[in-house]
Amino acid sequence: MESSSSEPAPECPPEFPSASSAKARTEPPAVRAERVTRVHRDGRRELKSLDQVSLTVSAGEVVAVTGPSGAGKTSLLHILGGLDTGYQGRACVAGTDWQTLHGSERARFRRRTCGFVVQGLALLPQATAAENIEVPLLLDGVAPGARRTRVAEALALVGLEDQGAKLPDQLSGGQQQRVAIARALVNGPALILADEPTGSLDSTTAASVVRLLLAAARERGAAVVLVTHDPQVARHADASARLHSGRLDTPVHESPKE
Ligand SMILES: Nc1ncnc2c1ncn2[C@@H]1O[C@H](COP(=O)(O)OP(=O)(O)OP(=O)(O)O)[C@@H](O)[C@H]1O
C-alpha cells in the first residue's frame, strides 16, 4: 500500500508502552485503543457497551477477543475499524486517530488500512470469486493490470488459485469464507478485524479457515483482532482479551494509567 504526503497524518503519541519488540517501540502499533468508553442512550436509560477499554496490537500479532453475548465485542471491533466514532477515549490505526478523520477521508483511510472478515458479510452473488476480491481495489482506483496481479496473489494466498472464475454458490462455505479473507487482505491492510469469521462453519472447516486467516495475515504483516465465542479458535491467537459487560477482564498491552 502506498501513501503520499497528501494523506492525513494526525498521530497518536509515539510512545507505545506495551510492545515487547524494539520495532514496536519505534513504529505505531497497527491498532491502539486507549480507555475507550461507549455509551448508548435509549430514552432516559444509558448503557455502556464499552467501559475504559485499552488494548494495543502490533503488526503481525493476533489477539482474540472473547466474552459472552452482549459483552461489547462487536462494539469494540466497530470502534477499532472506525465504523463508530461516538465514543470517549482514543482509537488509532497505524498511528492515526479515527476521530481526526471525517466522511470520505475516513472511508478511504479505512479501505487502505483495515480488512473486515465478518460472518454473514455476503459475497456479491452475481460476481465471481475473483471479482469479489477485486472490489476494494476498484473502490481504491487501482489500475486494471495491478488489480489482476493482486487478485491472483490474493487467490493464491488462500489456496483458491484455480477457483477465481466460480460464483459464490459454486463454492463450499469454507471456500466462500476464504474468498472473504482474500478480499479483506487484497489491499494490504495493517489491520484485519474478524467478527466470528467461522461462526457458520463446521468445526473442522472452521479450524482450517482460522489457521489460513492467521497465516495469511502474518505473512502480510497484518495485525488481527479476532472476535470469537469459540475457545478452540481463540487458542490460535498470540494473546486473548476477555470482555465482560464492556470491561476487559484481561487487558492486552494496556497503557499505564497517568
Ligand atoms: N447502537 C446501539 N444502541 C443501543 N445499545 C447497543 C447498541 N450497540 C450495542 N448495544 C448494546 O451494547 C451491548 C454490547 O453489544 P455488542 O453487540 O457489542 O455485544 P457482543 O459481545 O458483540 O454480543 P454478541 O456476541 O451477542 O454478538 C449490548 O447490550 C447491546 O445491546
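Here are a few exercises on the predicted model above, each with a worked solution.

Residue numbers start at 1 along each chain, following the sequence as written. Because the model is predicted, local features need pLDDT of at least 70 and side-chain atom pairs count only at pLDDT 80 or more, while totals for chains, interfaces and linings use all residues.

**Exercise 1. Work out which residues surround the ligand and which elements supply them.**

Step 1: collect the residues near the ligand, meaning those whose C-beta atom, placed from the backbone, lies within 6 Å of it. You get His40, Asp42, Leu47, Ser49, Gly67, Ser69, Gly70, Ala71, Gly72, Lys73, Thr74 and Ser75.

Step 2: assign them to helices (DSSP runs of H or I, at least four residues) and strands (runs of E, at least two), both numbered from the N terminus. Strand 1 (31-42), strand 2 (45-57) and helix 2 (73-80) each give at least two residues. Helix 2 has the largest share, with three residues.

Step 3: sort by chemistry, taking Ala, Val, Leu, Ile, Met, Phe, Trp, Tyr, Cys and Pro as nonpolar, Asp, Glu, Lys and Arg as charged, and the others, Gly among them, as polar. The shell splits into two nonpolar, eight polar and two charged residues.

**Exercise 2. Decide whether arginine 38 is buried or exposed, and find what it touches.**

Step 1: locate arginine 38, which sits in strand 1.

Step 2: count neighbours. A residue is buried if 20 or more other C-beta atoms lie within 10 Å of its own, exposed if 12 or fewer, and partly exposed in between, with C-beta atoms placed from the backbone. Arginine 38 has 21 C-beta neighbours inside 10 Å, so it counts as buried.

Step 3: list its contacts (C-beta atoms, placed from the backbone, within 7 Å). Leaving out residues up to four places away in sequence, arginine 38 touches Lys48, Ser49, Leu50, Ser75, Ile79, Gly86 and Tyr87. Isoleucine 79 is 41 residues away along the chain, yet the two C-alpha atoms are 9.1 Å apart.

**Exercise 3. Find which face of helix 5 is buried and what it packs against.**

Step 1: check the geometry. Helix 5 (residues 144-157) has 14 residues and spans 20 Å from first C-alpha to last, close to the 20 Å expected at 1.5 Å a residue; the expected span is 1.5 Å times one less than the number of residues.

Step 2: pick out the buried residues, which are Arg150, Val151, Ala154, Leu155 and Leu157. Viewed down the axis, they fall within an arc of 155°, so they line one face of the helix. That arc covers the directions from the helix axis to the C-beta atoms.

Step 3: look at both sides. The buried residues pack against helix 4 (129-139), helix 6 (173-185) and helix 7, while the face turned away carries the exposed Gly145 and Thr149.

**Exercise 4. Compare the surroundings of alanine 94 and serine 245, which both have a positive phi.**

Step 1: recall the background. Most residues other than glycine have a negative phi.

Step 2: take alanine 94, with phi near 50°. This residue lies in the loop between strand 4 (88-93) and strand 5 (96-97), and it is buried, with 24 other C-beta atoms within 10 Å.

Step 3: take serine 245, whose phi is also near 50°. Serine 245 lies in the loop between strand 9 (239-244) and strand 10 (247-248), and with 14 C-beta neighbours inside 10 Å it counts as partly exposed.

Notes. Two residues are in contact if their C-beta atoms, placed from the backbone, lie within 7 Å.
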